[in-house]
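Colleague: I have a model open and would like to learn how to read its features one at a time. Please take me through them.

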Amino acid sequence: MAVSLAHTFGQIIGNVLEDAIVSTLRKFADDHGLYLDMKGPRAAREGKKVTWTDLYGNAHDLDFVLERGGTDEIIGIPVAFIETAWRRYTKHSRNKAQEIQGAIQVLALTHKYSCPFTGVILAGVFTNGALTQLKSLGFHVLYFPYDSIVQAFKSVGVDADFDEDTAEKDFRAKIRRWNSLSKRSKQGVADFLVRTHQQDIDVFFGALDKTVSRRVDKIVVIPLHGKETEYSSATEAIAFLSAYQSSGVQGKVYKYEIHIRYNTGDRVTAEFTTKDAAVEFLAKYR
C-alpha cells in the first residue's frame, strides 16, 4: 500500500513538472508557427497518446513533439522530441536516462533529415553520470533537482520530502494536503519552479530556438560518375588508383550525394541512386 501511495504522490509531482513547462512550450510553438502535440485527443491520430514509430517498426509513447506543418488533422514533420521524467532515487535515474535515450535517439535517426531537437526535462534525483550521459549524446537537459521540488511544494504548505522509510500515514497526509489546495495554489508550485529556474529554462529554450529557427545556408549536390572496377587485393586497388587519371571522367551516375548545410553548423548528408529520389528529397526543403 505504501508503494502505491508513493507512486500516487510521484504522479502529483510529475503533473506539476509538466504544468511548469507546458505554457512555455505552447507559447514557443505559437511564436515559431509549430504544432505542439502532447497527451490528449487529436484528430490526426488514434487515442490520447503521442506515439511515433521508429525505422525498425517500434512504437514509442512521448510527452511532447513539436511539428512543422502539423495541424489537428495532419501529422507534420517532427522538429523536436522532448521527454519529461521524475525520479526520487539514484538507483532508478540511470535506467530512466537510458530508457529515454533508447527511444529518442532511434526516432531522431528515423527523422534524421529534419535534424530534430532532442530534449529531456528531468526532476528529482538524477546522478551526474546520468545527466552527463544524456548531454554527451546530444540531448539538451533541463533539470529541476530534488531540493527544488521540495521547496516548491513547501511554498504552498505541502511537505514533499519522502524516502523509502516514509510511513503510509505520512503519504496520506501529503496527498490530502495537496488535494485540499485551490487550483491557483497548485499552479503556484509550477510557477515557483519556473521562477527559481528561469535561467536554466532560458538556456533550454534558447537551444530549442536555435534548432528550429535555423535556415539552410547552402545545398551541395554531387553526382558521382564513373566506371566500377573490382580488385581482389588492396595492392591491386592501390595500383589502379596510382595510375588513375581523374580528368574527363565518363560513365553512368552511380549516386547523387547531397549535403544540406545550415547557418547553425548542422549538416544533413543524403545519398540517392536515382535522380527522382534526390529531387523528392530536396523538395522537402523548399
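Modeller: We will go through pockets, aromatic rings, a backbone angle and two loop residues, bearing in mind that this is a predicted model.

Colleague: Let us start with empty space. How much space lies in the largest pocket?

Modeller: The general idea is that rolling a probe the size of a water molecule over the atoms shows where empty space is left. Here the largest pocket holds about 1100 Å³. Its lining has 39 residues, and those closest to the centre are H7, G10, Q11, W86 and R87.

Colleague: Which element supplies the largest share of that lining in the largest pocket?

Modeller: Helix 1 does, with 12 residues. Helix 1 covers 2–31, and at least two lining residues each come from helix 1, strand 3 (59–62), strand 5 (77–87) and helix 2 (90–110). Sorted by class, the largest pocket is lined by 16 nonpolar, 9 polar and 14 charged residues.

Colleague: And the second largest pocket: what is its volume?

Modeller: About 450 Å³. Of the 19 residues that line the second largest pocket, I77, Y113, S114, K284 and Y285 are nearest its centre. Strand 5 and helix 7 (198–212) each give at least two residues to this lining. Strand 5 thus has a place in both descriptions, since it also supplies at least two residues to the largest pocket. The classes in the second lining are 8 nonpolar, 5 polar and 6 charged.

Colleague: Next, aromatic rings. How many aromatic pairs does a search of the whole structure find?

Modeller: The search finds 16. To read a pair, take the distance between ring centres and the angle between planes; an angle from 30 to 60 degrees is called tilted, and over 60 edge-to-face. The ring centres of F28 and F205 are 5.8 Å apart with planes at 55°, so this pair is tilted. F28 belongs to helix 1 and F205 to helix 7, so the pair links distant parts of the chain, 177 residues apart.

Colleague: Are F28 and F205 buried or exposed?

Modeller: The cut-off for buried is under 20% relative accessible area. F28 has 7%, so it is buried, and F205 has 9%, so F205 is buried too.

Colleague: What kind of pair do Y113 and F281 form?

Modeller: An edge-to-face pair, with 4.7 Å from centre to centre and 70° between the planes. Y113 sits in the loop between helix 2 and strand 6 (117–124), while F281 is in helix 9 (residues 275–283), so the pair ties together parts 168 residues apart in sequence. Y113 is partly exposed at 27% relative accessibility, whereas F281 is buried at 3%. Y113 has come up before, as one of the residues nearest the centre of the second largest pocket.

Colleague: Rings can also group. Which residues form one aromatic cluster?

Modeller: The cluster is made up of F9, W86, Y146, F153, F162, F171 and W178. Two of these rings also have a charge over them. R88 lies over the face of Y146, 3.9 Å from the ring centre, and the charged end of R88 sits over the ring of F162 at 5.7 Å from its centre.

Colleague: Now the backbone. Which residue has a positive phi although it is not a glycine?

Modeller: In general, most residues other than glycine have a negative phi. In this model C115 has a positive phi of about 45°. C115 is placed in the loop between helix 2 and strand 6, and at 19% relative accessibility it counts as buried.

Colleague: Last, the loops. Where is A160 found, and which residues does A160 touch?

Modeller: A160 is in the loop between helix 4 (146–154) and helix 5 (168–179). Setting aside residues up to four places away in sequence, A160 touches F9, Y146, V150, F153 and K174. With 1% relative accessibility, A160 is buried.

Colleague: How does L137 read by the same approach: buried or partly exposed?

Modeller: L137 is partly exposed, with a relative accessible area of 36%. L137 lies in the loop between helix 3 (128–136) and strand 7 (140–145). Apart from neighbours within four places in sequence, L137 is in contact with Q101 and Q105.

Key:
Residues numbered from 1 in each chain as written. Predicted model: local features only at pLDDT ≥ 70, side-chain atom pairs only at ≥ 80, totals over all residues. Heavy atoms only, no water. Helix = DSSP H or I, 4+ residues; strand = E, 2+ residues; numbered from the N terminus. Buried < 20%, exposed > 50% of the residue type's maximum accessible area, 1.4 Å probe, protein only. Contact = heavy atoms within 4.5 Å. 1 Å grid on protein atoms, 1.4 Å probe; cavity = no way out; pocket = protein on both sides within 12 Å on 5 of 7 lines; lining within 4 Å. Points joined across faces, edges and corners; volume = space filled by probe spheres on them. Nonpolar A, V, L, I, M, F, W, Y, C, P; charged D, E, K, R; others polar. Phe/Tyr/Trp six-rings, centres within 6.5 Å; stacked < 30°, edge-to-face > 60°. Lys NZ or Arg CZ within 6 Å of the ring centre and 35° of its normal.
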